[in-house]
Every structure is written in C-alpha cells, then in structure tokens.
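Biologist: Got a minute to go through this one with me? Pull it up and I'll fire off some questions.

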Amino acid sequence: MSLRDLPYAVYERRLRRALPADRLPRHIGVVVDGNRRWARQAGAHTADGHLAGADKIVEFIGWCAELDVPTVTLYMLSTDNMSRSSEELDQLMEIIGDTLERLAESRPGGRPVRVHPVGAPELLPEPLAARLREIAEIADDEPPSVHVNVAVGYGGRQEIVDAVKALLRDAESRGRSPGAVAEELTPGAIADRLYTRGQPDPDLIIRTSGEQRLSGFLMWQSAYSEFYFCEALWPDFRRVDFIRALRDFAQRQRRYGG
C-alpha cells in the first residue's frame with residue numbers, strides 16, 4: 001500500500017466498523033455504468049473498458065461476501081444495448097461469458113457464488129445463451145456466499161410483459177377466461193412470474209457514473225427500493241464508495257407508503 005492510499009485505508013476501516021450489521025441491505029441491485037466513458041478518458045479501446053468493468057464485478061462480489069450481502073443483481077446488458085455496433089457487441093458478449101464463468105468458479109469467503117442469469121436469452125447470440133444455460137445449471141451442495149442475478153439481454157418492461165404472458169398462458173391451460181383472470185389479478189400473481197421470483201425485492205439500488213435514472217432496471221421490484229447514485233465510473237468504483245453507499249442506506253428511514 002502506498003502512502004497516498006493510507007488515508008483512504010484508515011477512513012475505509014473506520015466506516016466499516018461503524019456499519020450496523022442489522023441495517024445492511026439483503027439484496028442490492030447495481031447498474032454497472034461507465035465502462036465506455038472510462039475507456040475514452042483513458043485513451044483506451046472500448047473493450048478495455050468492458051474488461052476493467054468485468055474485473056470490478058468480480059471484486060465487488062467479493063466485497064458483498066465479506067459484508068454478508070446475500071443477493072446481488074447486476075445490470076450488465078440491457079435490451080437497448082443490443083443496438084450497439086456488432087464489433088462491440090461481439091467483444092462484450094465474450095467478456096460477459098468469461099466474467100460469469102469467473103464468478104461461478106470463485107469462492108469468496110470459502111463458499112461458492114450462485115450465478116442466475118435473468119433476461120431474454122432469445123435476444124442473445126446462441127453461444128452466449130448456451131454459456132448462460134450451462135452456468136445456471138451448475139449445482140453446488142454448499143450454500144452460496146452470494147446469489148448473483150446477472151441481467152443480460154434484460155429490459156424491465158419486457159420482464160413485466162413476459163410475466164403477464166406467463167400468467168395468461170397458465171390461465172388458458174386451466175381453461176380460465178380472460179375475464180376471470182382480470183377479476184382475480186393481483187400484484188402477487190405477477191410478482192410470482194418475474195425473472196427474480198422467489199427472491200426478496202432489492203433494498204438498495206446503486207448506479208455509478210453520475211447518471212440518475214433506472215433505465216428500465218427492476219422496474220417492478222424497485223417500488224420501495226432506496227437509490228444511491230455515485231459519480232465514479234464503474235471501473236473506478238472503490239470499496240470505500242461501496243461502504244459509503246451502505247452507510248447512507250443504514251441512515252435512511254425506510255417508508256413503505258404508510
């Protein structure tokens with residue numbers, strides 16, 4: 001550690017000790033934004049920015065394991081991102097696949113990471129879709145240190161549409177009319193068919209790079225989430241930035257419409 005980094009290390013340890021364990025989020029969503037801007041500012045290729053962002057993802061999941069955050073959802077590739085150039089997308093798809101394999105093979109704190117892809121695999125090139133299926137099928141007898149949802153080919157509106165379609169198809173298979181479905185429709189019935197069904201909604205959503213919007217991320221699940229926007233580009237996001245976000249969350253008085 002250099003002398004220049006020493007003050008931050010001391011500050012980080014002080015923040016970490018002050019975090020109340022009973023007020024930490026159980027599920028964190030992260031919009032990993034700023035890889036391309038990071039590359040431009042560094043005078044590097046776009047792929048170098050995505051690679052730096054991938055390294056940060058692996059590091060970040062290690063931080064979550066250290067702090068006993070059990071569930072994380074990473075917004076890695078939106079449906080809107082699919083309009084980028086074929087050259088960038090080809091590089092990005094390869095980096096995403098490699099990153100998810102690194103996560104699946106990692107053991108922060110001595111326990112495995114459970115990787116669960118969420119999104120529309122039919123929008124992805126078959127090689128990446130196949131890698132995602134293989135990663136999702138990895139079984140481990142040990143409880144995971146962190147359950148990681150990776151949103152790839154993901155759109156929040158599409159997720160809700162897919163949930164409603166699944167609900168209607170289920171009703172049709174049981175011979176129920178659309179009118180009967182409409183009469184009995186509840187938020188819970190839709191929530192039970194989302195990509196993250198069976199998981200708690202995110203307590204905290206972090207977005208890097210200074211942008212202050214969700215961009216379609218977990219639109220249904222984030223109804224009562226707390227938001228934290230950070231100026232740092234994702235590859236520059238530090239452990240101390242993460243701890244600041246957790247401190248901010250712990251200090252908030254959460255309200256659920258009451």
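Biologist: Which exposed residues sit on the face of α5 turned away from its buried side?
Modeller: Quick heads-up that this is a predicted model. On that face, α5 carries Pro127 and Glu134.

Biologist: OK, and which residues of α5 are buried?
Modeller: In α5, which spans residues 126–136, those are Leu128, Ala129, Arg131, Leu132 and Ile135. Looking down the helix axis, they fall within an arc of 160°, so they line one face of α5.

Biologist: What covers the buried residues of α5?
Modeller: The cover includes helix α4 (86–105) plus the strands β3 (113–118) and β4 (146–154).

Biologist: Let's stay on α4 for a sec. How do the axes of α4 and α5 cross?
Modeller: They cross at roughly 10° and come within 10 Å. An angle under 35 degrees counts as roughly parallel, so that's the label for α4 and α5.

Biologist: Which residues meet there?
Modeller: From α5 you have Leu128, Arg131, Leu132 and Ile135, and they meet a set in α4 including Met93, Ile96, Leu100 and Ala104. The residues of that contact split into 7 nonpolar, 1 polar and 4 charged.

Biologist: Switching to strands. Is β2 mostly covered or exposed?
Modeller: Mostly covered: 8 of the 8 residues in β2 (71–78) are buried.

Biologist: Which strands does β2 pair with?
Modeller: β1 (residues 27–31) is one of them, running parallel to β2 with 5 bridges, and His27 has Thr71 as its bridge partner. β4 also pairs with β2 in the parallel sense, over 7 bridges; there, Val72 is partnered by Val148.

How values were computed. Residues are numbered from 1 along each chain as its sequence is written. This is a predicted model: local features need pLDDT of at least 70, side-chain atom pairs count only at pLDDT 80 or more; totals for chains, interfaces and linings use all residues. Side-chain values use heavy atoms; hydrogens and water are left out. Buried means under 20% relative accessible area, exposed over 50%, partly exposed in between (1.4 Å probe, protein chains only). Helices (H or I, at least four residues) and strands (E, at least two) are DSSP runs, numbered from the N terminus. The arc is that of the directions from the helix axis to the C-beta atoms. Contact means heavy atoms within 4.5 Å. Axes are lines fitted to C-alpha atoms, for helices over the stretch in contact, and angles run from 0 to 180 degrees between N-to-C directions. Angles under 35 degrees count as roughly parallel, over 145 as roughly antiparallel, 65 to 115 as roughly perpendicular and the rest as oblique. Ala, Val, Leu, Ile, Met, Phe, Trp, Tyr, Cys and Pro count as nonpolar, Asp, Glu, Lys and Arg as charged, and the others, Gly among them, as polar. Two strands pair if DSSP finds at least two bridges between them.
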